[in-house]
Number of protein chains: 6
Amino acid sequence: MSRIDGRTPDQLRPITIERGWSKHAEGSVLVSFGDTKVLCTASLTEGVPRWRKGTGEGWVTAEYAMLPRSTNTRGDRESVKGKIGGRTHEISRLIGRSLRAVVDYKALGENTIVLDCDVLQADGGTRTAAITGAYVALADAVAFAQRKKLVKAGRQPLTGTVSAVSVGIVGGVPLLDLCYEEDVRAETDMNVVCTGDGRFVEVQGTAEATPFDREELNALLDLAAAGCGRLTAIQRAALEATE
Amino acid sequence: MSRIDGRTPDQLRPITIERGWSKHAEGSVLVSFGDTKVLCTASLTEGVPRWRKGTGEGWVTAEYAMLPRSTNTRGDRESVKGKIGGRTHEISRLIGRSLRAVVDYKALGENTIVLDCDVLQADGGTRTAAITGAYVALADAVAFAQRKKLVKAGRQPLTGTVSAVSVGIVGGVPLLDLCYEEDVRAETDMNVVCTGDGRFVEVQGTAEATPFDREELNALLDLAAAGCGRLTAIQRAALEATE
Amino acid sequence: MSRIDGRTPDQLRPITIERGWSKHAEGSVLVSFGDTKVLCTASLTEGVPRWRKGTGEGWVTAEYAMLPRSTNTRGDRESVKGKIGGRTHEISRLIGRSLRAVVDYKALGENTIVLDCDVLQADGGTRTAAITGAYVALADAVAFAQRKKLVKAGRQPLTGTVSAVSVGIVGGVPLLDLCYEEDVRAETDMNVVCTGDGRFVEVQGTAEATPFDREELNALLDLAAAGCGRLTAIQRAALEATE
Amino acid sequence: MSRIDGRTPDQLRPITIERGWSKHAEGSVLVSFGDTKVLCTASLTEGVPRWRKGTGEGWVTAEYAMLPRSTNTRGDRESVKGKIGGRTHEISRLIGRSLRAVVDYKALGENTIVLDCDVLQADGGTRTAAITGAYVALADAVAFAQRKKLVKAGRQPLTGTVSAVSVGIVGGVPLLDLCYEEDVRAETDMNVVCTGDGRFVEVQGTAEATPFDREELNALLDLAAAGCGRLTAIQRAALEATE
Amino acid sequence: MSRIDGRTPDQLRPITIERGWSKHAEGSVLVSFGDTKVLCTASLTEGVPRWRKGTGEGWVTAEYAMLPRSTNTRGDRESVKGKIGGRTHEISRLIGRSLRAVVDYKALGENTIVLDCDVLQADGGTRTAAITGAYVALADAVAFAQRKKLVKAGRQPLTGTVSAVSVGIVGGVPLLDLCYEEDVRAETDMNVVCTGDGRFVEVQGTAEATPFDREELNALLDLAAAGCGRLTAIQRAALEATE
Amino acid sequence: MSRIDGRTPDQLRPITIERGWSKHAEGSVLVSFGDTKVLCTASLTEGVPRWRKGTGEGWVTAEYAMLPRSTNTRGDRESVKGKIGGRTHEISRLIGRSLRAVVDYKALGENTIVLDCDVLQADGGTRTAAITGAYVALADAVAFAQRKKLVKAGRQPLTGTVSAVSVGIVGGVPLLDLCYEEDVRAETDMNVVCTGDGRFVEVQGTAEATPFDREELNALLDLAAAGCGRLTAIQRAALEATE
């Protein structure tokens with residue numbers, strides 16, 4: 001049985017990570033998971049929010065948004081509606097938490113990095129693509145801070161790497177990295193964020209149609225862990241390339 | 001090694017479910033998980049939101065909120081701030097999804113049930129207490145709909161039961177049903193929503209300080225599944241009692 | 001002629017004042033006027049709003065809100081609507097003014113007390129129950145401040161006591177402490193706030209259907225003054241009891 | 001003892017009512033109570049809000065606002081702040097209730113009249129000036145509706161007239177129609193709305209500094225009733241003049 | 001061919017500028033361009049917004065708004081809608097820019113002047129009337145600052161004068177100072193802001209129905225320059241009169 | 001004297017128009033004016049806004065926004081601030097008006113096209129790039145509507161083409177198509193929108209520092225008209241290429 005786009009159940013979509021996309025940002029990445037394209041920019045500023053001043057520690061946060069016509073049907077702009085929807089809030093918080101899991105605030109010093117993840121085109125898995133791309137933009141912004149001596153010599157603000165992938169059960173079969181059509185039909189949907197050394201940062205599984213049992217959960221976790229392993233390698237390759 | 005409040009690692013706090021708390025609502029429950037107290041009311045109205053009209057199917061949704069001084073330090077009211085925070089949105093969505101997992105919309109017919117979960121006092125685990133209590137309020141509202149013939153004779157809008165509990169790793173030890181002090185110190189924090197027959201509806205695990213490995217994840221899932229089993233029994237006993 | 005619930009025209013509903021309802025707040029009271037139940041919490045913080053800094057004077061303010069299903073029909077949450085309605089604003093302001101009438105800001109020193117009055121169940125007279133209960137919560141918070149030496153020794157921030165009651169003309173008869181059904185049918189409706197020594201802090205009378213003459217106004221004021229006298233005694237008894 | 005501006009305690013400020021101020025509105029009045037100037041326009045539209053459709057009854061409502069520099073110090077625009085303050089809400093509601101007290105909805109038929117009361121210059125008593133002027137604008141809009149046959153022949157949508165005045169105790173002396181400087185120094189402040197036949201529509205008394213006793217309350221009510229009597233005569237004269 | 005109101009194509013409507021309209025503001029002008037009436041107040045405060053502190057330079061800004069019934073059909077209040085519309089923003093920005101073109105910030109020193117332009121009655125050309133009137137209010141506020149020594153002796157914060165007028169092509173004919181009926185029917189509509197010495201500050205031309213060619217553009221610019229010349233003379237006369 | 005980037009005064013930056021950028025939108029263009037990059041998508045839906053229903057006419061509108069880090073310094077998201085700024089409103093309105101100048105609503109029929117112009121990278125001239133690119137996206141969406149028979153056979157909803165360019169006076173020299181650094185230093189700044197046949201749709205000139213005279217205005221208009229002519233040719237070439 002093959003998938004909509006011909007992949008095997010444990011196969012990722014074509015993944016690309018294009019660094020240095022924007023001339024202004026300290027780190028900027030256009031990441032693609034198949035037709036899902038997310039522009040991730042990392043903005044570094046000296047100083048921290050007021051509640052953190054004087055602690056000697058930095059701060060990392062994220063904002064996620066979709067362009068109105070990134071999806072099949074145009075959505076209303078949240079700026080026009082005057083408020084941010086629940087889904088947007090939830091994903092922004094998830095991206096921020098995921099990246100902070102690999103940040104050493106002391107080593108970062110009193111600097112703030114904001115990751116903006118703007119979905120230019122959506123085809124499922126936008127939040128996992130955003131995390132995977134944002135990590136690379138974050139790494140570039142950290143390197144920038146080191147070159148500019150904003151971080152003390154010899155300190156490494158990143159304690160590891162982080163990537164994310166979606167998994168789900170579609171027609172009874174556990175699949176890796178769902179595209180939109182698979183996502184819509186999934187009985188269970190799970191987003192998993194892992195560190196480069198294979199541990200979990202976030203596990204968010206939701207029964208969309210039918211509750212799932214322990215065995216199914218285990219199968220999904222196996223798939224996700226393997227997928228994140230491959231994403232980690234792709235991130236490393238992108239960062240090793242000359243920008 | 002005993003816990004802050006003397007419990008064993010796999011012990012729930014004292015749980016109470018008080019039905020019929022409000023004279024107005026079709027279902028109303030004051031649920032306590034130790035010092036966490038949540039008032040859950042179920043409001044039934046005939047008809048459904050516009051986007052669902054004419055489908056013959058019902059709708060169930062939830063809203064979560066905290067009273068300003070339910071916590072140790074007073075928080076600003078979201079109505080005064082003029083917008084709902086990300087955490088509130090996220091929990092409201094979680095409660096709604098969890099309850100919808102056991103609802104048969106066709107059997108419910110074109111009726112809407114809104115679950116309001118207002119935290120009167122918070123001491124950790126407010127979202128899991130809310131889900132556990134809201135299910136009982138939902139069951140009462142459904143029974144009300146059946147008595148009033150708003151649901152067709154012989155139809156059962158509930159396909160099962162649902163409850164939720166938090167688990168976490170504190171000082172390296174997996175613990176069930178964290179109170180606030182434990183929650184603050186947890187290295188990993190997980191909320192698990194189960195059906196009465198032991199399957200999973202939601203699994204949301206977050207590494208607060210250190211990423212967790214597969215073995216730790218398994219230990220947490222074991223604890224949570226057992227805890228939900230006990231909560232299911234408490235829900236059943238509450239519903240069997242004369243209101 | 002007896003009333004809907006069998007009371008005489010000058011009879012209060014059963015009044016209960018339950019102190020120490022919340023474990024977090026410096027003062028907390030669950031007050032009932034019949035089926036109307038309001039949770040009043042007093043939150044004390046050191047310091048005052050910016051515009052009052054350096055004056056040596058304290059500040060007391062109040063916020064009123066209703067849970068969505070405290071009423072017979074569920075109302076939309078103001079946090080979801082993104083703005084506070086006129087009625088909510090008006091009642092919050094009334095409660096704040098009423099309490100400030102018995103506060104000596106100099107004696108309070110640069111401390112702020114916020115009274116949150118959340119209506120858990122509504123059956124008429126929510127604002128007068130809120131004022132009556134909030135005074136007791138305020139007294140407990142002040143006592144807390146004295147025990148913690150946040151108030152200078154020998155200073156008494158409260159210059160008196162305050163309570164409130166509604167009166168109205170229903171079917172031509174002046175009645176004390178209207179329940180919801182009476183309130184709806186009232187030709188004239190008046191809320192009166194009195195100090196413990198029998199003077200007036202607020203008098204707010206509104207002709208709902210027919211304008212009222214001076215004689216009717218006098219009859220209502222007589223009823224209200226007597227009712228507040230009884231509420232003052234109930235407040236005193238509550239505060240004299242061991243919490 | 002004479003007042004700041006030389007008036008006796010029971011004397012109104014110079015009152016002017018200028019009809020037909022705007023070329024667009026169905027009724028428009030520039031009312032002055034001394035230096036307080038309020039532009040009151042009545043906008044008539046056929047039809048009623050959705051919740052009132054098909055009842056055969058009309059609707060009357062009001063909105064109050066102050067120009068930013070109507071006061072001594074410029075205030076922020078509520079449109080710029082993005083929300084309406086509590087005071088604005090409260091006064092808008094008061095004006096609407098006061099006017100509705102003399103409206104026969106059945107006779108008005110399914111027409112809506114909105115009274116906009118915009119304070120061009122403020123010197124105390126803006127809400128009472130607004131009510132007094134808005135009544136005249138309302139009467140003009142009703143006459144317009146009658147001329148245009150929007151109201152059934154022989155029906156009179158106005159059941160009486162309404163006017164309002166402030167009173168207060170300043171330095172122990174009850175005074176009529178406070179200007180801003182008196183208002184700031186008042187121990188007690190009361191706004192009274194009366195019908196043309198001398199009955200009360202609203203009585204709103206507030207102790208600003210010291211609670212007031214029954215005798216003081218009576219003195220204020222006497223002053224206010226007499227003041228409204230004189231305002232009624234001024235309104236009548238204005239309406240009898242050729243526009 | 002004569003215009004709706006009998007004017008020749010290059011004729012302004014009757015223009016009046018009434019200074020000292022408000023007793024509170026440092027400068028206040030009621031300006032009329034025919035039936036268009038705008039109240040312009042200039043509020044002077046010592047100090048500047050935070051981003052400008054310590055520069056030794058002042059700031060001038062403007063806010064434009066329309067009363068709800070200034071137009072033929074009542075519009076919703078922007079304060080009630082909770083947000084300012086695009087047109088309001090755009091005109092506020094235009095007025096501010098136009099006035100700043102003749103302000104020497106250094107000479108003004110760290111003072112702020114806010115121009116509020118509130119349209120009391122609209123009949124076309126509200127933005128050009130607002131600019132023309134606001135300049136006079138600004139000049140009065142500057143003179144006030146000089147008398148109060150808020151501006152250093154010998155410094156002149158105004159480098160010139162500014163006025164504005166609309167022009168348009170209606171039925172193929174270029175017309176000066178359009179009234180509402182002409183504005184609605186215009187094929188091309190242009191607002192022009194000039195300094196007193198005949199140079200341009202703003203030129204905003206819009207093809208409403210048909211694009212315009214270079215020759216038409218030239219004709220409109222000729223008309224507008226001449227109109228602004230006459231407005232400049234009227235402003236000068238108003239400022240030379242004893243207030 | 002050469003420009004910052006070596007161009008002659010009347011030279012455009014390198015212009016690229018990349019069609020078919022998005023797989024979802026009916027028309028989508030990534031337009032570059034040098035380092036300014038704007039993603040323009042055209043979303044076609046059957047039906048029109050309520051106020052236009054039943055007229056047989058279509059509607060075209062536009063929304064403009066900037067990604068937070070499209071600029072040198074990160075800006076706050078308007079969705080997070082909860083309101084749209086004046087500049088955003090103004091540019092959205094300009095783009096919409098410019099495109100509507102070449103639309104025949106009757107021929108379009110009751111269809112709506114929304115143009116979203118999202119600035120991915122900003123280096124001056126974002127609004128003129130947006131108009132130029134949006135026209136091409138609009139043309140593609142119209143062609144789509146024709147292929148899908150949403151537009152009646154033989155009807156052409158576009159009456160012409162439209163493009164836009166900025167011009168300005170920098171150091172006394174009139175320049176075409178300003179980049180950000182030139183824009184900041186410009187004494188006068190003008191945006192001009194032209195049809196393909198060389199007529200004007202919008203002329204918006206602003207004196208940033210010094211008012212400009214008629215001669216300077218003429219020089220700017222000459223430059224802009226020539227620039228738009230070249231942009232028209234580039235648009236035509238892009239549309240003639242196979243997508």
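**Exercise 1.** How many residues of chain F are in contact with chain A?

*Solution.* The model is predicted: local features need pLDDT of at least 70, side-chain atom pairs count only at pLDDT 80 or more, and totals for chains, interfaces and linings use all residues. Residues are numbered from 1 along each chain as its sequence is written, chains are lettered from A and ligands numbered from 1 in the order in which they are written, and side-chain values use heavy atoms, with hydrogens and water left out.

Step 1. Contact means heavy atoms within 4.5 Å. By this rule, 36 residues of chain F touch 36 residues of chain A.

Step 2. In chain F, the greatest loss of area to chain A falls on F:H24, F:R69 and F:R77, together 24% of what that side buries.

Step 3. The area buried between the two chains is about 3000 Å² (accessible area, 1.4 Å probe, lost by two parts on being put together and summed over both). Carbon and sulfur atoms give 50% of this area.

**Exercise 2.** Determine the charged and polar pairing between chain F and chain A.

*Solution.* Step 1. A salt bridge is a side-chain nitrogen of Lys or Arg within 4 Å of a carboxyl oxygen of Asp or Glu. The count between chain F and chain A is 16.

Step 2. One of these joins F:E63 to A:R77, with an N to O distance of 2.8 Å.

Step 3. By class, the side of chain F that touches chain A holds 14 nonpolar, ten polar and twelve charged residues. Here Ala, Val, Leu, Ile, Met, Phe, Trp, Tyr, Cys and Pro count as nonpolar, Asp, Glu, Lys and Arg as charged, and the others, Gly among them, as polar.

**Exercise 3.** Which rotation superposes chain F on chain A?

*Solution.* Step 1. Copies are superposed by least squares on the C-alpha atoms of residues with pLDDT of at least 70 in both. The result is a rotation of 180° with 0.0 Å of shift along its axis, at an RMSD of 0.0 Å.

Step 2. The two copies are therefore related as by a two-fold rotation axis.

Step 3. F:S79 comes closest to this axis among the residues of chain F, its C-alpha lying at 1.8 Å.

Step 4. Because 100% of the interface residues of chain F are also interface residues in chain A, the copies meet through the same surface.

**Exercise 4.** Describe the contact between chain E and chain D.

*Solution.* Step 1. Chain E and chain D each give 36 residues to the contact.

Step 2. The count of salt bridges between them is 16. Among them, E:E63 pairs with D:R74, the closest N and O atoms being 3.1 Å apart.
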